[in-house]
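Welcome! Here are some short exercises, each with a worked solution, to help you find your way around a new structure. Take a look at the picture first, then try each task before reading on.

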Amino acid sequence: MYEKVERAEKDMEIDDPMSKKGEDSKTLVVIMIGAPGSGKSTFCDHVVASSSRPWLRICQDNINNGKSGTKVQCLSSAAVALKENKSVFIDRCNMDREQRAEFVKLGSSKVGVHVVVLDLPARLCISRSVKRTGHEGNLQGGKAAAVVNRMLQKKELPKLNEGFSRITICQTEHDVQEAVTTYSLLGPSDTLPSGCYGVKSPDTKKQVGIMKFLKKVDHPANVVSSSSNTLSSSSCQSIKEIQTCNEVPVPDLSGCAKDDQMKGEHIKFESASDSSSLTAVPTLAFPSISTDGFQFDIEEASDIIVEKAEEYIKKLGNARLVMIDLTHHSRILSLVNAKAAERNIDPNKFFTFVGDITCLYSKGGLRCNVITNAANWRLRPGGGGVNAAIFNAAGPSLEVATKERAKSLTPGKAVVVPLPSVSPLFKREAVTHVIHVLGPNMNPERPNCLNNNYDEGCKILREAYSSLFEGFRTILKSQTIATEGESRKTHVKQSDNASSDQKIKDEDGYSNERSKKHKGLKYEIDCDLADFRKEMQQLDKVKKNTITSKAWASWALALYNIAMNPQKHEKDVLETTAEVVVISDAYPKAKKHVLVIARANGLDGIRDVYKEHLVLLEMMHKVGMGWVERFLQEDESLIFRLGFHSVPSMRQLHLHVISQDFDSQSLKNKKHWNSFNTEFFRDAVDVIEEIEKSGTPSLGDESLLLKELRCHRCKSAHPNIPRLKSHISQCQTSFPTELFRKGRLIQASPKTNSIL
């Protein structure tokens, strides 16, 4: 369990609002934080009505003459109130640091800045929001649930280093009432002590959004049972929230979800704060093989899983086996748990876990150095399920590494693939190996169907689990050789140093003989280590110029065809060099939109680019800047951005040179907009810098294309493309100045008409 965060002695004195340990008497800015329905407005109204201190509630929902307004209007009203020696409540959601930053700046030597967090259960916030009527911002009814969900996903708890002098976190309605009383009793000359109060306790669970709530994934307080061996990713509460006021580096568990407690089944909890111990325990995570797409009988499969787990945990030393399933109330997990309990299998060696196998550590706090892929016989990405998820999460390096080990897989067999260090799974989840395994198929629509021949099917499934667990044993042996080898090398060096002091005394030659033995041992260990390291290096090496086997549709090959044979497309080509081809985008998303296409074969997108391609990238950027200069000579009011899509829709590495007006009939949907205005679009200058430093660029996920529509200038949200286009055609908000300084945005100099 998490170690309890101790509260300082002064933290216990919040019942004394006139504490002399606090800041000098000041007017206050109290920033409210909470999802819709958490009770921010009610909190403020109670304090304003009962306090002798003059307060003003500033609410963005009614700041504009009773109608919804802007943050700027809230800031302006707050500044006026503070000049009049009134304390103010900032009644907005303020869920992330960026939303709060401008209000924190209202603080000064005469103005203290507090924050009150209403971190109430999602169920309560949603229920209140849906049921209420006459809300100032009209956020009520069915639509409110989706807004609560979105807000909760953005929640970022405050820290003192943001500029707050006092943080109060309320997790229950009782906490809220105590905070209301504290601020209500605060007179004009009274003060409150500084620091963090109501810090989240170890038993507090992270709030989740409406999608989790609708699935009924809340479970009660932590329950431990020695007879059960199920772990839930929900049990891994974010240490970031527990230690809000303590700047301690911890794994990001912000995606942890609440899971239902299965009927008749107790949850065993394991905290991410135990990561030090987890790191030392080799762990294999595996899904149920063949019971999903291959439609193998779950009862039969659960018998085999428990049978093989019991057999192999005796051979694995202190290593652990963890069965993973995404589904809450999973039948296969329930069966396996019951049968494992009947056989008295050690729950510390074999247990089940509800979560995504590709983010067990980052979102569940469970560190598994080896994960299992329920593969297809071709050992290729795709097909959905675990196979698609693992290949997507691991990136192209896994596919390359897999091809080095095997071209295909027969039912009942497994292949161990060391995960290259460039893989996101290696970097983020500390996964060192992926074991591909293929089980028996009972689905007539899939290859090698056994047509319900369960005698043969059970034989193959047993063989599959044996191959899987044996592969895990092989990994453990390799790691043991490496660890023992390093230990012995240290011991040999120490012994050699000690023996050198005894050579003069040992006239009988014993020390020489001992030295020879040590040298022989050292030679053997060095050879073992050399062979092991050589194997690891070979397996870890990624063929940087290997083309990944993505299947491109014929229309998606247009850029590739132009790059390879520009002479056949003279009407489309604007410029040609030995390295690049420039064309106008066939479906431009702005007034000016051209593509600088690399002519090097084998570069489908920026995921295929490494340090050896830096010269090419710099050339592409230089050519793109040349076209920006031409366009600015035609229209100096334009602003340009140069960059790459993280996952291109068309084959062949190409750089977008696009003006930021986005005035185009071809800009039709959310995907079009978000592909240029989220982290999915990687600025060329950033890509070049990242490759120079680390050898590879970071890529945005395709899920970014589904984000809500926001203006790229003022960041206001809009429901659809027509409304967004109407807004951006009139939006006068300036782009952030740091974007110009970093060279991400390019505009003409007002005086010289040259590029800034």
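## Exercise 1: Two helix pairs

α10 and α11 lie oblique to each other. Please keep in mind that this is a predicted model.

**Task.** Work out which angle puts α10 and α11 in the oblique class, then classify the pair α19 and α21 by the way their axes run.

**Solution.**

1. Start with helix α10 (residues 298–313) and helix α11 (residues 331–342), which pack at an angle of about 45° with their axes 9 Å apart.
2. Angles under 35 degrees count as roughly parallel and those from 65 to 115 as roughly perpendicular. An angle of about 45° fits neither class, so α10 and α11 are oblique.
3. For the handedness, α10 passes α11 in a right-handed crossing.
4. Now turn to helix α19 (residues 614–634) and helix α21 (residues 684–694), whose axes cross at roughly 165° and come within 10 Å.
5. Angles over 145 degrees count as roughly antiparallel, and therefore α19 and α21 belong to that class.
6. The crossing of α19 and α21 is left-handed.

## Exercise 2: Positive phi outside glycine

**Task.** Find where Ala-430 and Phe-662 sit, and decide for each whether the residue is buried, partly exposed or exposed.

**Solution.**

1. Ala-430 has a phi near 65°, a positive value in a residue other than glycine.
2. Look for Ala-430 in the loop between α15 (424–429) and β13 (433–437).
3. The relative accessible area of Ala-430 is 25%. Buried means under 20% and exposed over 50%, so Ala-430 is partly exposed.
4. Phe-662 is not a glycine either, yet its phi is positive, at about 50°.
5. The loop that holds Phe-662 runs between β18 (654–659) and α20 (670–677).
6. With a relative accessible area of 2%, Phe-662 is buried.

## Exercise 3: The second largest pocket

**Task.** Describe the second largest pocket: how much space lies in it, and which element gives the most to its lining?

**Solution.**

1. The space in this pocket comes to about 1,000 Å³.
2. Its lining has 42 residues, and Asp-292, Gly-293, Ala-374, Gly-385 and Val-386 lie nearest the centre.
3. Sorted by class, the lining has 20 nonpolar, 16 polar and six charged residues.
4. β9 (320–325) and α13 (385–394) each supply at least two lining residues.
5. α13 gives the most, with four residues.

Methods: Residues numbered from 1 in each chain as written. Predicted model: local features only at pLDDT ≥ 70, side-chain atom pairs only at ≥ 80, totals over all residues. Heavy atoms only, no water. 1 Å grid on protein atoms, 1.4 Å probe; cavity = no way out; pocket = protein on both sides within 12 Å on 5 of 7 lines; lining within 4 Å. Points joined across faces, edges and corners; volume = space filled by probe spheres on them. Nonpolar A, V, L, I, M, F, W, Y, C, P; charged D, E, K, R; others polar. Buried < 20%, exposed > 50% of the residue type's maximum accessible area, 1.4 Å probe, protein only. Axes fitted to C-alpha atoms, helices over the stretch in contact; angles between N-to-C directions. Left-handed = near helix turned anticlockwise from the far one by under 90°.
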